[in-house]
Amino acid sequence: MASYDVIVIGAGPGGYVAAIRCAQLGLKTACVEGRETLGGTCLNIGCIPSKALLHATHQLHEAEHNFARMGLKGKSPSVDWKQMQAYKDDVIGQNTKGVEFLFKKNKIDWLKGWGSIPEAGKVKVGDEVHDAKHIIIASGSEPSPVPGADVTVDEKVVVTSEGALALGKVPKKMIVIGAGVIGLEMGSVYARLGAEVEVIEFLDHITPGMDSDVQKQFKKLLEKQGLKFTLGAAVSSVEATKTKAKVNYKLRKDDSEATAEADVVLCATGRRPFTDGLGLSDLGIETTKGGQIKVGDDWQTSVKGVYAIGDAIEGPMLAHKAEDEGMATAEVIAGKHGHVNYGVIPGVIYTHPEVASVGKTEEQLKEEGRAYKVGKFSFMGNGRAKAVFAGDGFVKLLADKETDRVLGCHIIGPAAGDLIHEICVAMEFGASAEDVALTCHAHPTFSEAVREAALACGDGAIHM
């Protein structure tokens, strides 16, 4: 048995970042992780491997559709699925080994196994119980079941995002249940690889919670890429054999029943906190109806000395949100002032084009009755975007009508996930749209579209 200042349960983005920050602040730290590798869902079976496959299949798309237009002629590349999987696994390995190196560098003990909290101040891993002045729960999340439906996941024919990353072969047809981030990213991967992809969504629109202008444009662009959408459909069951699956659903508009068949069905209806086995109820830690751990402004639970962060608590289930909370909680424990600005947490979908947003949507501002103005600029007016066949999409900036302060931004287009951070910084500093508009942007870059949207909040964009 060992004694620590802090024990972190979970080595995903929230947990490993919290552990590193605790160690940097001079706290004796250990991190509990039951996987064979560090990094949690994100590095092992989530964000990182999916981005590898998205990148690989985007290169294939470019070769098939744009190379000849640029004068690059010759045989189009064929898909070696086994090698693509090996590339993905190599990317995972590089990242997980990187976290292991950081643990050694910062003298963090990796307690290998699954953790539980038998009482405040103690963490049990296997048969050993360790003392900790402070405990941080960073146990992450797991795929949610399809609401109200009879579905058995086997990770071969009926899969979650984990199974979708490692299919034995590219299916002829895939059905995706859920038109959120995970479903659309993985659907894009397989559509580029030649699969017929149908997305079945309960709501009447895709990407719930996003700006409606983005939703409409995004759906059109994905349809151009071959994805088919069945919206307003409530899935009732999935019947699977060893090689096929049948999805039964009811259309909400008229209660008519329908069936769709595919080689693979991806269940992508969100995620839920993974807290099984921690002993939360016995410890008296309060949770919400949805299973999230309740925390105060200092991320401390209802039990003194026990904190929780990331997907285990309320808020968007995003790796970078968990990282911010991990660093902030470490600083609180060390007696400093930990801070997370929840109004400036960006969200990104890594399809092509990318989609990114931060702050308020136009619908939220209308609901709040707030006076605002909109600056919008199409990537068709951006020289760099046109040069690389990426003119689809736009930047939409929302600013306060009276003060001009930036309230939100929504981008669909090339490098949207990178471009959004200019507005994140602007919002963090309370900048106005005019501040962005008066800042010189290099030419020719995609970022000029952001400046043009800011100019459109004033006298008007230059290149439109």
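Q: What covers the buried residues of α14 in this predicted model?
A: The cover includes three strands: β20 (372-378), β21 (394-400) and β22 (406-413). It also includes the helices α12 (416-428) and α13 (433-437).

Q: Which residues of helix α14 are called buried, and what makes them so?
A: Helix α14 spans residues 448-456. Its buried residues are E448, A449, V450, E452, A453 and A454. Buried means under 20% relative accessible area, so each of these six falls under that cut-off.

Q: Why is F389 called partly exposed?
A: F389 has a relative accessible area of 28%. Partly exposed lies between the 20% and 50% cut-offs, so F389 belongs there. F389 sits in the loop between α11 (383-387) and β21.

Q: Why is A415 called partly exposed?
A: The relative accessible area of A415 is 25%. Buried would need under 20% and exposed over 50%, so A415 is partly exposed. A415 is in the loop between β22 and α12.

Q: What makes the phi of F389 and of A415 worth noting?
A: Most residues other than glycine have a negative phi. F389 is not a glycine, yet its phi is positive, about 55°. A415 is not a glycine either, and its phi is near 55°.

Q: Where are the cis peptide bonds before P353 and P444, and what are their omega values?
A: Most peptide bonds are trans. The bond from H352 to P353 is cis, with omega near 5°. P353 lies in the loop between β18 (347-349) and β19 (354-359). The bond joining H443 and P444 is also cis, with omega about 0°. P444 is in the loop between α13 and α14.

How values were computed:
Residues numbered from 1 in each chain as written. Predicted model: local features only at pLDDT ≥ 70, side-chain atom pairs only at ≥ 80, totals over all residues. Heavy atoms only, no water. Buried < 20%, exposed > 50% of the residue type's maximum accessible area, 1.4 Å probe, protein only. Helix = DSSP H or I, 4+ residues; strand = E, 2+ residues; numbered from the N terminus. Contact = heavy atoms within 4.5 Å.
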